[in-house]
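I wanted to get my bearings in this one before going back to the bench. These are my notes from a session of looking things up, in the order I got to them.

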Amino acid sequence: MVRKLHRVIGIVMLLPLVGWAATGVVFFTKPGYGAAYDGLAIRTYPIDSPIAARPDPAWREVRYLRTILGLHLLVRTGNGWTQLDPVTLQPRGAPPDEAVRRLVADAFTANPERYGHIVTLAGGVATTDTGAVVSFDWSRMSLQQRGRDTDRIDLLYKVHYLQWTGRKTLDKIVGLAGLVLLVTLTALGARLAVRR
């Protein structure tokens with residue numbers, strides 16, 4: 001009975017075990033991880049003049065920088081980050097798409113092979129002719145990128161962690177079942193080995 005149960009569970013666990021082994025090799029060697037999760041920074045330039053604004057006590061953090069679009073004052077309060085006009089200290093709305101396009105294209109000069117040229121830009125999200133998707137956050141003056149390689153690596157994580165259905169609750173059940181079956185398979189194998 002123990003041998004038969006061990007065999008059945010072994011057959012059921014064959015696919016997850018092959019998936020764990022294959023993805024484990026990728027996670028260990030990390031081929032292509034550098035570019036896939038590379039941080040893309042907004043290009044900054046030297047500041048010609050210091051800021052003349054008096055800091056507000058509500059500001060927890062301040063960043064003052066210059067980009068291709070000019071000077072930017074970023075402040076973090078209890079409500080999060082906000083971009084202010086460096087002269088009037090009034091909140092500054094997001095620029096038009098053409099200005100965002102210039103800013104993002106300027107950042108792409110750090111790695112033109114990966115980012116190429118902007119094909120579309122809408123709602124602060126740029127897609128490029130190399131397949132990269134770059135999101136722009138005006139209040140933080142930050143960029144986030146992902147490409148086809150990022151999607152492939154994320155897919156490998158889903159395979160490794162038995163997230164096969166795309167439904168969070170069901171994937172947790174599948175993952176837990178996989179772990180229970182793995183422990184059972186190991187315990188049955190150990191019992192068979194001791195019996196010999």
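What follows is my notebook on the aromatic rings, a helix and a sheet.

**Entry 1: ground rules.** I am working from a predicted model, so I keep in mind that local features were taken only where pLDDT is at least 70.

**Entry 2: aromatic rings.** I looked up ring pairs and found four aromatic pairs in the structure. I started with Phe27 and Tyr157: the ring centres are 4.3 Å apart and the planes sit at 20 degrees, so I log this pair as stacked, the cut-off being under 30 degrees. I then checked where the two partners sit. Phe27 is in helix 2 (residues 14-29) and Tyr157 is in helix 6 (residues 148-160), so to speak a link between distant parts of the chain, 130 residues apart.

Next I asked how tyrosine 157 and tyrosine 161 are arranged. Their centres are 6.3 Å apart with planes at 5 degrees, so this pair is stacked as well. Phe27, Tyr157 and Tyr161 go down as one aromatic cluster.

Buried or exposed, I wondered, for phenylalanine 27? Phe27 is buried, at a relative accessible area of 13%. Tyr157 comes out partly exposed at 30%, and Tyr161 is partly exposed at 49%.

**Entry 3: helix 6.** Since Tyr157 lies in helix 6, I stayed there. I checked the length: 13 residues at 1.5 Å a residue should span 18 Å, and the end C-alpha atoms are 19 Å apart, which agrees.

Which residues of helix 6 are buried? I got Asp149, Thr150, Ile153 and His160. Looking down the axis of helix 6, I see these buried residues within an arc of 105 degrees, so they line one face of the helix. On the face turned away from the buried side I noted the exposed residues Arg148, Arg152 and Leu155.

I also looked up what the buried residues of helix 6 pack against: helix 2, helix 3 (33-36), helix 5 (112-115) and strand 7 (142-146). Just after helix 6 comes Leu162, and I wrote down its positive phi, near 55 degrees.

**Entry 4: Thr150.** I picked one residue of helix 6 to follow up, threonine 150. At 2% relative accessibility Thr150 counts as buried, because the limit is under 20%. Leaving out residues up to four places away in sequence, I found that Thr150 touches Ala36, Tyr37 and Arg114.

**Entry 5: the sheet.** Strand 7 had turned up as a packing partner of helix 6, so I moved on to its sheet. Four strands form an open sheet in the order 4-5-6-7, with antiparallel pairing. Strand 4 (118-122) and strand 7 are the edge strands, each pairing on one side only. On average, neighbouring strands of this sheet are turned by 20 degrees against each other, ignoring direction.

I zoomed in on strand 4 and strand 5 (residues 125-128), which pair antiparallel over four bridges. What stands opposite alanine 122? I found Val125 of strand 5 there.

Last, I looked for what covers the sheet. Helix 4 (residues 97-108) lies across strand 4, strand 5, strand 6 (133-137) and strand 7, and I noted that it runs at about 135 degrees to strand 4.

Definitions and conventions: Residues numbered from 1 in each chain as written. Predicted model: local features only at pLDDT ≥ 70, side-chain atom pairs only at ≥ 80, totals over all residues. Heavy atoms only, no water. Phe/Tyr/Trp six-rings, centres within 6.5 Å; stacked < 30°, edge-to-face > 60°. Helix = DSSP H or I, 4+ residues; strand = E, 2+ residues; numbered from the N terminus. Buried < 20%, exposed > 50% of the residue type's maximum accessible area, 1.4 Å probe, protein only. Expected span 1.5 Å × (residues − 1). Arc of directions from axis to C-beta. Contact = heavy atoms within 4.5 Å. Pairing = 2+ DSSP bridges. Axes fitted to C-alpha atoms, helices over the stretch in contact; angles between N-to-C directions.
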